[in-house]
Amino acid sequence: MNKLEIIKFSGSNPLFWGHQHGETYKDKIQEIAEIRMERMCNLSLYKKVKDVIELAKQHIIILQNFDNNLFLELQGISQSANISLEKLIVLNQIG
């Protein structure tokens with residue numbers, strides 16, 4: 001069985017935490033994001049990537065208003081992993 005990997009971030013800035021996370025797992029994040037997008041298009045009512053992206057854009061606004069620190073952390077991951085924030089939202093929402 002694989003052990004759960006624990007990430008310890010330095011600093012106290014959520015954007016910086018996100019950058020550390022994104023830099024550490026860039027390749028895995030990109031790979032899983034593609035898988036999640038494919039699943040979303042195959043298993044939901046949203047069959048086109050552009051429609052999924054539009055839905056994710058709506059979620060980003062809600063997230064920023066609900067928890068700005070979490071928004072900043074995801075923004076940092078997005079920037080460091082070189083993946084759009086919309087695709088990162090989809091990665092984190094689809095099971």
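## Helices packed around a nonpolar core

M37 lies in helix 2, and in this predicted model M37 is a convenient place to begin. Its relative accessibility is 5%, and because buried means under 20%, M37 counts as buried. Leaving out residues up to four places away in sequence, M37 touches V49, V52, I53, K87 and V90. A further point of reference is K47, which stands 10 residues from M37 in sequence, while the two C-alpha atoms are 9.9 Å apart in space.

From this single residue we can turn to the core. In soluble globular proteins, nonpolar side chains tend to be buried together. The largest nonpolar core of this model has 21 residues, and those with the most contacts inside it are I29, L74 and L88. Which helices supply at least two residues each to this core? They are helix 2 (26-43), helix 3, helix 4 and helix 5 (85-93). To see what surrounds one of these well-connected residues, consider L74, which, when its neighbours within four places in sequence are set aside, is in contact with L63, L85, L88, I89 and N92.

Helix 5 can be followed in a similar way. The residues L85, E86, L88, I89, V90 and L91 are buried in helix 5, and the buried residues of this helix pack against helix 2, helix 3 and helix 4.

The next step is to ask how pairs of helices are arranged. Two packed helices are described by the angle between their axes and the distance between the axes. For helix 3 (residues 49-66) and helix 4 (residues 68-81), the axes come within 5 Å and cross at roughly 130 degrees. That angle makes helix 3 oblique to helix 4. On the side of helix 3 the contact is formed by I60, L63, Q64 and F66, which meet N68, L70, F71 and L74 in helix 4. Sorted by kind, the residues of this contact between helix 3 and helix 4 comprise six nonpolar, two polar and no charged.

Helix 4 also packs with helix 1 (residues 14-24), here at an angle of about 35 degrees and with the axes 6 Å apart. The crossing of helix 1 and helix 4 is right-handed. In this contact P14, L15, W17, G18, H19, H21, G22 and E23 of helix 1 meet N69, L72, E73, Q75, G76, I77, Q79, S80 and A81 of helix 4. How many of the residues in the contact of helix 1 with helix 4 are nonpolar, polar and charged? The division is six nonpolar, nine polar and two charged.

One residue from this contact, S80, deserves a separate look. S80 has its place in helix 4, and is S80 buried or exposed? With a relative accessibility of 14%, S80 counts as buried. Not counting residues up to four places away in sequence, S80 touches H19, G22, E23 and K26.

Finally, we can move to the segment before helix 1, where S10 has its place. At 39% relative accessibility, S10 counts as partly exposed. Once its neighbours within four places in sequence are left aside, S10 is in contact with F16, W17 and Q20. Of these partners, Q20 is 10 residues from S10 in sequence, and the C-alpha atoms of S10 and Q20 are 8.4 Å apart in space.

Definitions and conventions:
Residues numbered from 1 in each chain as written. Predicted model: local features only at pLDDT ≥ 70, side-chain atom pairs only at ≥ 80, totals over all residues. Heavy atoms only, no water. Axes fitted to C-alpha atoms, helices over the stretch in contact; angles between N-to-C directions. Helix = DSSP H or I, 4+ residues; strand = E, 2+ residues; numbered from the N terminus. Parallel < 35°, antiparallel > 145°, perpendicular 65-115°, else oblique. Contact = heavy atoms within 4.5 Å. Nonpolar A, V, L, I, M, F, W, Y, C, P; charged D, E, K, R; others polar. Core = buried A, V, L, I, M, F, W, Y, C linked by side-chain atoms within 4.5 Å. Buried < 20%, exposed > 50% of the residue type's maximum accessible area, 1.4 Å probe, protein only. Left-handed = near helix turned anticlockwise from the far one by under 90°.
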